[in-house]
Amino acid sequence: MVEYLAPQLDNVFHALGDATRRQMLRELVKGERTVGQLAGPHAMSLAAASKHIKALESAGLIRREVRGRTHWCQLAPGPLASAHEWLSFYEQFWTDRLDALEQLLHADDAAKSKEATTGEKR
């Protein structure tokens with residue numbers, strides 16, 4: 001498990017906890033963007049966008065490069081893989097539980113069906 005990465009995961013989940021930052025990451029999947037391009041769809045100032053970008057940078061989710069006076073951002077997907085690995089454990093937990101529930105429901109349906117056709121009570 002990735003528990004040794006707990007501080008990094010904390011930063012990743014904090015960064016992902018904001019809808020604006022998640023949308024910025026979605027934009028970066030398409031390719032690198034300037035801070036202005038990331039800010040545009042959210043009707044926010046460059047200063048506000050910069051704060052979101054700093055949170056994404058702190059989590060290691062993006063890299064920023066300054067070219068001249070323009071700040072370019074690009075996705076750094078590595079920390080997302082760690083978050084996915086952490087979440088996968090719980091996905092398996094719930095899949096196992098739901099599979100067990102499904103089996104119980106099928107067994108119950110089969111018993112009810114048998115009861116209805118034979119008139120036997122459980």
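How many bridges join strand β2 to β3? Select residues 62-67 to find β2, then add β3, residues 70-75. Six bridges join the two strands, and they run antiparallel. Keep in mind that this model is predicted.

**Stop 1: the hairpin**

Stay with β2 and β3. Together they form a hairpin, with two residues between them. Select G68 in the turn. G68 has a positive phi of about 70°. Now click R67. Opposite R67 stands T70, in β3.

**Stop 2: the largest pocket**

Keep T70 selected, since T70 also lines the largest pocket. Add T34, V35, G36, L46, S50, R64, R69 and H71 to complete the lining. The pocket has a volume of about 160 Å³. Colour the lining by residue type. Two of its residues are nonpolar, five are polar and two are charged. Next, colour by element. α3 (35-39), α4 (46-58) and β3 (70-75) each supply at least two lining residues.

**Stop 3: the aromatic rings**

Move to helix α5, residues 78-118. Select W86 and Y90. Both lie in this helix, four residues apart, which is about one turn. A search of the whole structure finds four aromatic pairs. W86 and Y90 form one of them, a tilted pair. Their ring centres are 4.9 Å apart, with 50° between the planes.

Are these two rings' residues buried, partly exposed or exposed? W86 has a relative accessible area of 24%, so W86 counts as partly exposed. Y90 is partly exposed too, at 35%.

Finish by adding F13 and F89. With W86 and Y90, they form one aromatic cluster.

Definitions and conventions
Residues numbered from 1 in each chain as written. Predicted model: local features only at pLDDT ≥ 70, side-chain atom pairs only at ≥ 80, totals over all residues. Heavy atoms only, no water. 1 Å grid on protein atoms, 1.4 Å probe; cavity = no way out; pocket = protein on both sides within 12 Å on 5 of 7 lines; lining within 4 Å. Points joined across faces, edges and corners; volume = space filled by probe spheres on them. Nonpolar A, V, L, I, M, F, W, Y, C, P; charged D, E, K, R; others polar. Pairing = 2+ DSSP bridges. Phe/Tyr/Trp six-rings, centres within 6.5 Å; stacked < 30°, edge-to-face > 60°. Buried < 20%, exposed > 50% of the residue type's maximum accessible area, 1.4 Å probe, protein only.
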